[in-house]
Amino acid sequence: MKRTMKWAAVLSIGAMSLGLSACGNNGSADTGDAKAGGTITYWASNQGTSVTDDERVLKKSIERYTKETGTKVDLEVIPWSDLYNRILTAVSSGDGPDVLNIGNTWAVSLQASGAFMPWEGDALDKIGGQDRFVQTSWATGGADGKAPTSVPLYGLSYSMYYNTKMFKAAGIDTPPATWKEFVADAKKLTKDTNKDGKTDQWGVSLAGASVTNNAHAAFIRGLQNGSALYDDAGKPQFAADGIVKGVNQWVQLMGEDGVVNPSMAEAQNGSDMVEDFAAGKSAMFFDQAPGKTLNARDMKDWKAAPVPMMTADATGLEGTQSHVAGINVSVFENSDNNAAAVDFVKHLTSDSEQKYLNKEYTALPVVTAAYDDPAFKSEEISLKKDTLANHAQPMPLYPSESQMETLVGTAVKNLFADIAQGKKVTEADVKKALENANTQM
């Protein structure tokens, strides 16, 4: 799609950060009637078991939209490993899609570019207003005090997934509620099952090379241990005592605790740990919505449980079990067909499509009316709803959040790599790595 640049951008893709000055849209978007028969472009994130699976799911939704409006949608599903850099390139060049999905933790960073349409005035009215959305998810759309430049599409939260058959064989009756119990259970579940002298069943699986997953772990474990990644004034404090303690707990699962296969230091995304779990190589892992993949592998012996906390009855920030996770949807401000783009977001966030899409992706609807569907009353969904309502905090709502994820996540990734190579990593090493990340900000 061609468009004329409306902003000047200074872009640092290497650091995955945005330092952008823009001529933003100070008025309401032009949300008149969509151009019937026209075409808009849509970049979707990979939510299903594969890009092909996403194309199947989204094709049905798009066909309904085209039938209703006459507007066609040119769809591209982009893997998570490529999506953020693709977005940054589109912001810099001015040549991108009309509509795109974003990880909601990127919202404030991308908002700072000035490249995306604010959801206010006529545009907000078109999608039914703020009140019809789940408010914890709505709050992820941009910085406090500013009109959001993204709206929720899929709701997610972390849970702990565990193999019920392995738990029973190890004599473990209930999932762990505290981190101490979690580590103890993981050690019981780490075994040499075929007696060849080598561990072939591990207590925990994780994606050690996933920058994003590691950043989430630093955020959650840091809060549980009493520290946030930013202070109250918005200044990064990556090496605060609680962050260091929490990250050390995380990496020692592979280190001193010995409950994670060192090969997982090379796992680059969540699908790797899900596959490891589904293959019976590990007993527990943390993830947001693996149910679709586990069901596709015909795995039966699994359940979801709350993420363990430092104390079982922790509340407030120390009771954090997840960030407010999810996928948002944005519209480029200078879309050639803004009206159709807004109308497409209206379609994706309608009650009926929210039910359809979130059933397919085993995610949480982001509009309250969709929860009357029986599909969202399961034990797992009820758990995730409770987590989002009572035990979730938004990732830091600052423009540098995406850079923080990169720096902190990479620091943790490198610590896992050191452990996998046989090096002993101490809490002092963790502190030094996080101090270096903080300095790079």
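**Close-up A. Around Trp250, the neighbours come from well outside its own stretch of chain.** Skip residues up to four places away in sequence, and Trp250 touches Trp179, Leu206, Asn214, Ala217, Arg221, Phe286, Val412 and Phe416; a contact here means heavy atoms within 4.5 Å. This is a predicted model, so local features need pLDDT of at least 70 and side-chain atom pairs count only at pLDDT 80 or more, while totals for chains, interfaces and linings use all residues. Numbering starts from 1 along each chain as its sequence is written, and side-chain values use heavy atoms, with hydrogens and water left out.

**Close-up B. The largest nonpolar core has 65 residues.** A nonpolar core is a set of buried Ala, Val, Leu, Ile, Met, Phe, Trp, Tyr and Cys residues joined through side-chain atoms within 4.5 Å. Buried means under 20% relative accessible area, exposed over 50%, and partly exposed in between, with a 1.4 Å probe and protein chains only. Trp250 shows up again here, listed with Phe182, Val247, Leu253 and Met284 as the residues with the most contacts inside the core. Helix 15 (residues 401–420) is the top contributor, giving 8 residues. Helices (H or I, at least four residues) and strands (E, at least two) are DSSP runs, numbered from the N terminus. Another core, of 38 residues, lies apart from the largest one, and its members include Tyr65, Trp119, Ile327 and Leu348.

**Close-up C. Helix 8 (residues 211–224) crosses helix 15.** The two axes come within 7 Å and cross at roughly 100 degrees. Axes are lines fitted to C-alpha atoms, for helices over the stretch in contact, and angles run from 0 to 180 degrees between N-to-C directions. That makes the pair roughly perpendicular; the bins are under 35 degrees for roughly parallel, over 145 for roughly antiparallel, 65 to 115 for roughly perpendicular, and oblique for the rest. On the helix 8 side, the contact uses Val211, Thr212, Asn214, Ala215, His216 and Ala218. Helix 15 brings Glu405, Thr406, Val408, Gly409, Thr410, Val412, Lys413 and Phe416. Sorted by type, the residues of this contact come out as 6 nonpolar, 6 polar and 2 charged. Ala, Val, Leu, Ile, Met, Phe, Trp, Tyr, Cys and Pro count as nonpolar, Asp, Glu, Lys and Arg as charged, and the others, Gly among them, as polar.

**Close-up D. An open, mixed sheet of 5 strands runs in the order 4-3-5-12-6.** At the edges sit strand 4 (72–78) and strand 6, each pairing on one side only. Twist averages 20 degrees from one strand to the next. Helix 1 (residues 51–69) packs on the sheet, where it touches strand 3 (39–45), strand 4 and strand 6, and its direction makes about 160 degrees with that of strand 4. Two strands pair if DSSP finds at least two bridges between them. Strands 3 and 4 are parallel, with 7 bridges; one place to look is Tyr42, opposite Leu75 in strand 4. Strand 6 and strand 12 (residues 325–331) run antiparallel and are joined by 5 bridges, with Val151 opposite Val329.

**Close-up E. Strand 5 (residues 99–103) sits inside the sheet with both faces covered.** Since 5 of the 5 residues are buried, strand 5 is largely enclosed by the rest of the structure. One side carries Val99, Asn101 and Gly103, and the other Leu100 and Ile102. In a regular strand, side chains alternate between the two faces of the sheet. Strand 3 joins strand 5 in parallel through 2 bridges, with Trp43 opposite Leu100. Toward strand 12 the pairing is antiparallel over 5 bridges, and Val99 has Val331 as its bridge partner.

**Close-up F. Asn328 is a buried residue of strand 12.** Its relative accessibility is 1%. Among the residues Asn328 touches beyond four places in sequence are Leu100, Asn101, Ile102, Ser150, Val151 and Pro152.

**Close-up G. Ser157 sits in the loop between strand 6 (151–156) and strand 7 (159–163).** Despite the loop setting, Ser157 is buried, at a relative accessible area of 0%. Its contacts, leaving out neighbours within four places in sequence, are Asp287, Gln288, Ser322, Ala325, Lys384, Thr387 and Leu388. The C-alpha atoms of Ser157 and His391 are separated by 9.6 Å, though the two residues are 234 apart along the chain.
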